[in-house]
Amino acid sequence: MSRHSHDALRTRTPTTQSPPPDIPVPPALLIQRRQSGIHGHGVYARTAIPAGHVIVEYTGERITKTESLRREAARLERARKGHDACTYLFHLNQRHDLDGRRGGNVSRFINHSCQPNCHSENRRGHILIVATQDIAEGEELTFDYGFPFRDWADNPCRCGAPDCAGYIVAADQRWRLRRVKRTSGAAR
Ligand SMILES: [Zn+2]
C-alpha cells in the first residue's frame, strides 16, 4: 500500500509526541457526554480543568492501516445510504490506527473545533487528550482532528468559532482551504 493512500484516510492525527501517559484523575469525574451544539454528542467538562491537564486517553481497537482503509470505505458507503457517518479512526503510528467504535470510551465523542481547547498527543503509543487552555465547568471539549486537506469538501465544520474554516481541515493546512475559497469565490 502506498503512503499516498494512508494520507487519504481521514484519521484524526495527534499533534505532538512526548513522554509516557499520566492520567491522575479518572476521566468520568472530569467529563461527560451529552448532546452537542456542534454535532451529535459532544463531551463536556463536569468541573474546571486547568491548562496542561491530561484529561482522557483515546482508546479503541488497534487495527492495521489496511483494515482501517477498509472500514473507512465501508463507513463512506453507509454514509451514502444515509446511515451513521461518524468516523472514530485515530492515527496511531505508521502501521496502525485505533478504531474508537470498538473498545472506545467517551473520548470518541469529542468534537473537532477550528479553535479547540484541547489537543491530542501520542505519548509512547498512547493517544492522550490534553487541555491546552483553562476549561470552565460546562464547556465543550474540542480538539483539531487534523484531517488532510484533500478531503475538505466532505467534512463541513459547524464548530461556531469566530475563525471557523467552514470545513474540518488540519490547522496547518487551512491556508490551502483559504486559497481554494479565494479562487473559487465559494467562501462561506
Ligand atoms: Zn470550524
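At 1.5 Å a residue, the 16 residues of helix 3 should span 22 Å, and the C-alpha atoms at its ends are in fact 22 Å apart, so the two values agree. The expected span is 1.5 Å times one less than the number of residues in the helix. Helices (H or I, at least four residues) and strands (E, at least two) are DSSP runs, numbered from the N terminus. The model is predicted: local features need pLDDT of at least 70, side-chain atom pairs count only at pLDDT 80 or more, and totals for chains, interfaces and linings use all residues. Residues are numbered from 1 along each chain as its sequence is written.

After helix 3 comes Gly-82, whose phi is positive, near 90°.

The next element to look at is a sheet. Three strands form this open sheet in the order 5-7-6, with antiparallel pairing; two strands pair if DSSP finds at least two bridges between them. Strand 5 (61-64) and strand 6 (89-91) stand at the edges with a single partner strand each, so one side of each has no neighbour in the sheet. On average, neighbouring strands here are turned by 35° against each other, direction ignored. Helix 3 (residues 65-80) packs on the sheet and touches strand 5, strand 6 and strand 7, and its direction makes about 100° with that of strand 5. Axes are lines fitted to C-alpha atoms, for helices over the stretch in contact, and angles run from 0 to 180 degrees between N-to-C directions.

Strand 5 and strand 7 (residues 96-99) run antiparallel and are joined by four bridges. Thr-64 has His-96 in strand 7 as its bridge partner. Arg-95 lies in the loop between strand 6 and strand 7. Arg-95 is exposed, because 10 other C-beta atoms lie within 10 Å (exposed means 12 or fewer, buried 20 or more, partly exposed in between, with C-beta atoms placed from the backbone). Leaving aside neighbours within four places in sequence, Arg-95 is in contact with Thr-64 and Lys-65, contact meaning C-beta atoms, placed from the backbone, within 7 Å.

The largest nonpolar core has 24 residues, of which Ile-31, Ile-55, Cys-118, Ile-129 and Leu-141 touch the most other members. Such a core is a set of buried Ala, Val, Leu, Ile, Met, Phe, Trp, Tyr and Cys residues joined through C-beta atoms within 7 Å. Strand 3 (41-45), strand 4 (54-58), strand 6 and strand 10 (126-131) each supply at least two residues of this core. Strand 10 gives the most, with five.

Note on methods. Two residues are in contact if their C-beta atoms, placed from the backbone, lie within 7 Å.
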